[in-house]
Structure formats: C-alpha cells, structure tokens
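Visitor: I would like a close look at one part of this structure, please. Could you take your time over a helix pair and then show me what lies around it?

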Amino acid sequence: MKVTIAEKCGFCKGVNVAIELARKTLSKGKKVYSLGPIIHNADVVTELLKAGLVTVSSVDEVASGTVLIRSHGATLEQFRQIEEKGLEIVDATCVLVKRVQKLCHTLSAEGYKIVIIGDETHPEVKAIVGFGEDVVVIGSKKDLCRLGEHGKLGVISQTTQSPGHFAEMVGEIIKRGFSELKVVNTLCREAIRRQDSAVKLCKEVDIMFVLGGLHSANTRKLAELCKKHNNQTFHLQNWHELDKTVLRGRSCAGVTAGASTPEWVINDFVEKLRAY
Ligand code: SF4
C-alpha cells in the first residue's frame, strides 16, 4: 500500500506547550490536577496519569495542590473557584484562545453583542462565553434565530472552525441587516493549515484516514472536511480500530491527524499500513 502523510498534521504549538508544562510541573513532585483531559488523546492522558496527573471535571474535586488549565482554557468562574480555594494555577491556555477570550471581553465592553461561531458544548467555547456580557453561540444556520433583530454585533469564532463555515455564517448574519457588524478573524492558522493539507491529500488517494480522539473538535473537523471530498474517509484513534476489510482493492492511502495526536500514533499507523 502506498501511504502518504499530510504535509501538516499532528501536535500543534498549543498542545505541545500544555504537555510540556504538565511534565515540568509533575517533575517538581507536585500533585497536579487537570481541569478536564489535558488533550483528547487517551494514550497521552494515560502516560501523564502514570506520572501523577489527575484529571478532574470540577474544581470541587480538588482539595489542595496545583490545577493545570489545559489549552482550551477555563471559565472565569473556574478561575475564581481556584483562587478562592488557594490552589496554585498553571495556566496552559493556548495564546490564541486567550486572544479570543480578551476580544470577547473588549468587544463586550464596547457595547457589542458577542456572536461566537462554534460549538456551544465545546470547552473552549464554554470558557470564552463567560468573558462577555451578552453572548450567543451559533453552531449552524438553525441557530441564527438566536441573534435577535437589532443592535451591533461583534463576531468571533472558535479557533478550530473551518474558514468556509466561518465565512458562510458571517454571510448569513450580514443578510439580516444589523446596523453594525465587527468581524474578527480568530481562526487558528495551525488548524487551517492542517485542514488545507488534509483536503488536498484526500482528493489524491483511494482511502483517507484521520487519526485522533473521537471527542477532539479539530480532528472531527478534519474528518468532516475530508468526507466531503472523499467518502472513503475514516476517523480512527489508532491502528487497532481499523477494520482491515476497508483496505480491499485500495492501492494508495492518505493519513492525517488532529492537533492532539502524538507523532508515535501516526508513525505506528503508517508503518503498519505500508506493511499490510
Ligand atoms: S489548535 Fe490552534 S488554537 Fe487550538 S491549541 Fe492548537 S495552536 Fe492553539
């Protein structure tokens, strides 16, 4: 099997920084709690668990020690709770996510109703929402009714949305005749580069594999985009999940991976696929 790896794939800067910060803090012998899984990858979470990183879903579960804020960030309420309890904070919020949080706060202070294009259930979006006063989240066209009819809107986006979807939603909002629209591009370039190279590759191969956590938003977005251009696209976490019957009659495969997929998972998959 001829296997090609997408030009850009795997760990992004934000995830790398979070993992390095976790390792550094654990190496000091501290008890560290991650507010939610540090990344959407079971193998990495298990590796860090062995080193002492405990994943919790709420600050209530932490009595003492250090709380690690993952790259998605945390809500203002969670920061307040951590401070109130006198816990130490190691903040690994990605700088790009921090920028969106600040924009949400600034635009809100300037009197804009904030519109976030993104998935309202995603932790990054949940964390951004609290930075503004009047905030709505638009996931798709069916949510546009949440905008209301009047006022000035400040439009931002979850970092891992695709440019196409962001542009489509902004286009729909413009049609609604608001008196003022301020659109700030808050998409992550790393995520866009991964999307572009995945789409380019999936058009050239018989079968496409997208590796990464099933709950990872950026991996799911990669899979969704590839499926649009190649219906033989499969989203898997690793080699063990591959149903080998899908390889029958295929001679060239493409592989890409989300921003939270470690290099060794990609290499293992590619080596085994080449040898199959
Ligand atoms: S995908 Fe982009 S925004 Fe998200 S953590 Fe990585 S670098 Fe930061």
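Visitor: Is the crossing of α7 and α8 right-handed or left-handed?

Guide: Happy to walk you through it, with the reminder that this is a predicted model. The crossing of α7 and α8 is right-handed. Let us start with the geometry. Two packed helices are described by the angle between their axes and the distance between those axes. Here α7 and helix α8, which spans residues 217-229, meet at an angle of about 30 degrees, and their axes lie 9 Å apart. Angles under 35 degrees count as roughly parallel, so α7 and α8 are roughly parallel to each other.

Now for the residues that make the contact. From α7 come A191, R194, Q195, A198, V199 and C202, and from α8 they are met by N218, K221, L222, L225, C226 and H229. Sorted by class, the contact of α7 with α8 holds seven nonpolar residues, three polar ones and two charged ones.

Helix α7 has another neighbour to look at, a sheet. Four strands make up this open sheet in the order β1-β12-β10-β11, and they pair in parallel. The edges are taken by β1 (2-5) and β11 (233-236); each has a single partner strand, so one side of each has no neighbour in the sheet. Direction ignored, neighbouring strands of this sheet are turned by 25 degrees against each other on average. Strand β12, residues 252-257, runs parallel to β1 and is joined to β1 by four bridges. One pair to find on your screen is V3, whose bridge partner in β12 is A253. Helix α7 packs on this sheet, touching β1, β10 (207-211), β11 and β12, and the direction of α7 makes about 170 degrees with that of β12.

There is also the ligand, and α7 takes part there too. Of the 15 residues around the ligand, those that come nearest are C12, G14, C94, T159 and C188. The elements giving two or more residues to this shell are α1 (13-27), α4 (95-109) and α7 (189-202). The largest share, three residues, comes from α1. By class, the shell around the ligand has eight nonpolar, five polar and two charged residues.

To round off the tour, here is another open sheet. Its four strands follow the order β3-β2-β4-β5, with parallel pairing. Strands β3 (53-56) and β5 (88-91) are at the edges, each pairing on one side only. From one strand to the next, the twist averages 30 degrees. Within this sheet, β4 (residues 66-69) and β5 pair in the parallel sense over four bridges, and I69 stands opposite D91 in β5.

Technical notes:
Residues numbered from 1 in each chain as written. Predicted model: local features only at pLDDT ≥ 70, side-chain atom pairs only at ≥ 80, totals over all residues. Near = placed C-beta within 6 Å. Nonpolar A, V, L, I, M, F, W, Y, C, P; charged D, E, K, R; others polar. Pairing = 2+ DSSP bridges. Axes fitted to C-alpha atoms, helices over the stretch in contact; angles between N-to-C directions. Parallel < 35°, antiparallel > 145°, perpendicular 65-115°, else oblique. Left-handed = near helix turned anticlockwise from the far one by under 90°. Contact = placed C-beta atoms within 7 Å.
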